[in-house]
Amino acid sequence: MYRRNLLFSTLFKTNLNGKLTAKLSKRSDPGRSLRCLNLKLISQQRHQHIRCLCNTESHRKTLHSGHDRQQHDYRSFSKSSWMMVAGAGLFSYSVWKARHQLQDLRNQFTVYALDDEKDDKDSSTDKTETKAQEPTTPNDQVIPSYVPYLLIGAGTASHSAMRAIRLRDHKAQVLIVGDEDNNPYSRPPLSKELWYGEQTGIFYDPKDFYGIPEDLPSTKYGGVAVLQNRKVIKLNTEDRIAFLDNGSEIKYDKCLIATGGRPKNLPVFENASKAVQSRVHLFRNINDFVRLHTIAHTRKSIAIIGGGFLGSELACGLAHKGHNRGLTNLKVYQIFPEKGVMSQVLPDYLSKYTTEKIKEEGVDVVSEKSVKEAKYKDKQVVLTLSDGSQIKVDDVVVTVGLQPNDDIAKTSELDIDPMRGGVMANAELEAKPNIWAAGDVASFYDYKYGRCRVEHHNTADSMGKLAGQNMAGARKLYEHKPYFWSDLGAESYQAIGEVASSLETFSIFTPLKDKTLKEHSSQQDGIKNSNNSSQTANPPALKSTEDYQGVVFYYKDKQIVGIVLWNVFGRGKVSTCRQILEKSKEIRSEDPYELSKLLFRSYKPSKPKIDNKQETSEEKS
């Protein structure tokens with residue numbers, strides 16, 4: 001009953017204050033044609049319990065006084081019983097409805113369908129952009145002077161570390177310091193599910209999970225607090241003191257650096273006029289998503305710069321939203337200098353196939369060209385490409401990689417990876433005594449791949465978990481193989497281990513409609529070794545009109561170091577790939593075809609005859 005009362009009272013309080021997770025705009029302007037996203041989440045309010053409306057003093061006397069009940073005659077008892085039944089039914093319906101509505105509120109970030117009307121878009125654009133970028137309130141939280149565990153950065157790595165610390169040390173006091181005005185959340189949905197109309201929660205925990213930073217040192221059984229809108233600018237590694245951007249100091253016992261990264265920009269846009277820069281956007285956090293989500297319903301054309309997985313996901317998501325929300329006039333360009341999308345990861349033939357699939361999603365792909373000049377003319381950005389051609393768009397989104405936020409390492413005398421950037425850490429993710437690093441900012445040592453810095457969600461999650469365990473007393477090596485996934489319209493793939501198009505590959509694909517396996521070696525593309533120096537010849541026939549299921553094995557020094565699963569799903573598939581990578585030294589050259597049988601869903605294999613396969617001198621010998 002208490003939980004029901006809490007649900008009902010929370011919803012009642014929510015409706016009273018009018019703070020919904022996503023409020024509809026009242027359209028005070030005729031050109032305002034979208035529903036504003038409100039990031040002031042209802043779950044961030046501290047619950048104030050109020051008595052349920054049906055639980056009044058008179059009801060308690062009527063229901064719980066046995067003496068009064070005995071005085072009623074049969075008729076009055078029957079009448080009151082029916083009233084009780086009706087009231088209980090109404091109450092049950094109210095609780096059921098409240099629970100479902102509150103569940104949506106607790107998702108904390110829900111994207112609603114936007115209106116398709118197109119009224120006076122210029123005036124609408126100015127107001128919606130201001131709404132998306134309105135400044136946050138000043139941070140007036142009291143900062144504790146000491147915490148046992150200090151986690152710098154409020155992303156996935158810090159959240160996983162916090163969970164691991166609390167599992168090993170149940171009374172741990174953990175303070176997370178982040179420069180955003182949000183608690184830890186998952187970034188992948190910002191470029192994936194949310195663009196396809198899925199109402200998904202991205203925050204890891206409800207607001208009530210976290211305590212107040214001021215009260216953290218006095219918690220008897222430990223707890224977790226998030227200090228928002230603050231940044232640690234320097235560490236005194238000897239005295240274990242963290243210096244914040246507002247002049248505050250926090251003494252700690254153990255510290256994790258998980259500051260992530262920031263999106264890179266291109267000099268052609270950085271040196272452009274202010275009018276151009278106002279139409280150029282980077283994509284990383286919630287505010288970036290809100291801004292781009294708004295733009296998608298107020299502009300007529302958008303250019304995505306970059307052919308990586310983030311740029312390709314956004315291009316497909318924008319094209320999908322444009323064609324499935326009535327915005328048929330939304331033109332989406334994807335511009336990149338490579339021959340095809342994901343060309344640094346996928347083999348040449350698979351990159352070309354994927355590019356054609358992205359075109360089918362409605363994206364105007366402009367490959368093998370780069371932006372040389374950007375000017376603002378007639379309320380549009382005019383992009384001059386490397387071949388002299390021009391493209392006019394309303395807005396530009398730059399997705400050309402990530403720069404690690406390793407400034408704190410420079411001010412704190414920590415080692416920085418000169419090749420990859422990021423804070424240098426050992427195989428236990430320790431950068432210095434009592435200081436660990438995890439996530440996009442960490443350059444760690446892997447016993448199989450050497451020194452690495454990986455910018456993927458799964459890696460940040462696994463690194464944060466191990467760093468948290470080691471901070472709480474474990475002494476474990478980081479052995480987790482890199483993993484990431486991407487959805488490009490109807491195509492989906494998962495990558496495990498070291499995957500690079502410069503490596504030798506061996507692929508097995510089958511059309512989904514007939515399940516006939518077809519082998520292909522990257523030697524048919526002329527890739528005889530890792531230097532990728534020979535000519536292209538005899539690419540496989542992957543028709544863009546068909547859908548395929550496939551496995552790509554990546555080789556280095558005659559060992560499998562990476563695997564890509566193309567439209568291959570099912571429980572245990574990724575774990576199977578990890579086992580293959582662990583035992584790659586024991587796998588013979590003819591085994592990949594047999595290994596693929598463990599990964600495909602269901603088929604009747606009959607090993608085909610390969611006519612065009614070229615043998616290298618090493619194979620002949």
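**Group meeting: sheets, pairings and salt bridges**

I'll start with one residue: D417 is buried, at 4% relative accessibility. Keep in mind throughout that this is a predicted model. D417 has a charged partner, R420, and the closest N and O atoms of that salt bridge are 3.1 Å apart. R420 is partly exposed, with a relative accessible area of 31%. So we have a salt bridge between D417 and R420 in which the Asp counts as buried and the Arg as partly exposed.

How many salt bridges does the structure hold? The count is 21. I'll go through two others, and both are easier to place once the strands are laid out.

First, the open sheet. Five strands make it up, in the order β8-β15-β9-β10-β11, and the pairing is parallel. At the edges are β8, residues 280-282, and β11, residues 363-366, each of which pairs on one side only. Ignoring direction, neighbouring strands here are turned by 25° against each other on average.

Helix α9, residues 286-295, packs on this sheet and touches β8, β9 and β15. The direction of α9 makes about 140° with that of β8. A second helix, α11, covers residues 348-360 and lies across β10 and β11. Its angle to β11 is also given as about 140°.

Now the β8 edge. β8 pairs with β15, residues 395-398, in the parallel sense, over three bridges. One residue pair to look at is L282, whose bridge partner in β15 is V398.

That brings us to the second salt bridge, between D395 and R279, at 4.0 Å from N to O. Where do the two residues of this pair sit? D395 is in strand β15, while R279 is in the loop between α8 and β8; they are 116 residues apart, and the pair links distant parts of the chain. Buried or exposed, for D395? With 0% relative accessibility, D395 counts as buried. R279 is buried too, its relative accessible area being 13%. There is also a third member: R279, R299 and D395 are linked in a network of salt bridges.

The third salt bridge takes us back to α11. The side chains of E360 and K357 meet at 3.8 Å, N to O. Both residues lie in helix α11, three residues apart, or about one turn of the helix. K357 has a relative accessibility of 8% and counts as buried.

Next, the pairings around β6, residues 249-257. Strand β1, residues 146-152, pairs with β6 in the parallel sense over six bridges. Within that pairing, L150 stands opposite C255. Strand β19, residues 435-437, also runs parallel to β6, and three bridges join them. C255 turns up again here, with I435 as its bridge partner in β19.

Strand β5, residues 241-244, pairs with β6 in the antiparallel sense, over three bridges. F243 has E249 as its bridge partner in β6. The hairpin of β5 and β6 has four residues between the strands, and in it G247 takes a positive phi near 95°.

Last, the cysteines. How many disulfides does the count come to? Zero. Two of the cysteines are worth listing by accessibility. C577 is buried, at 0% relative accessibility. C452 is buried as well, with a relative accessible area of 13%.

That is what I have; I'll take questions.

Technical notes. Residues are numbered from 1 along each chain as its sequence is written. This is a predicted model: local features need pLDDT of at least 70, side-chain atom pairs count only at pLDDT 80 or more; totals for chains, interfaces and linings use all residues. Side-chain values use heavy atoms; hydrogens and water are left out. Two strands pair if DSSP finds at least two bridges between them. Axes are lines fitted to C-alpha atoms, for helices over the stretch in contact, and angles run from 0 to 180 degrees between N-to-C directions. Contact means heavy atoms within 4.5 Å. A disulfide is a pair of cysteine sulfur atoms within 2.5 Å. Buried means under 20% relative accessible area, exposed over 50%, partly exposed in between (1.4 Å probe, protein chains only).
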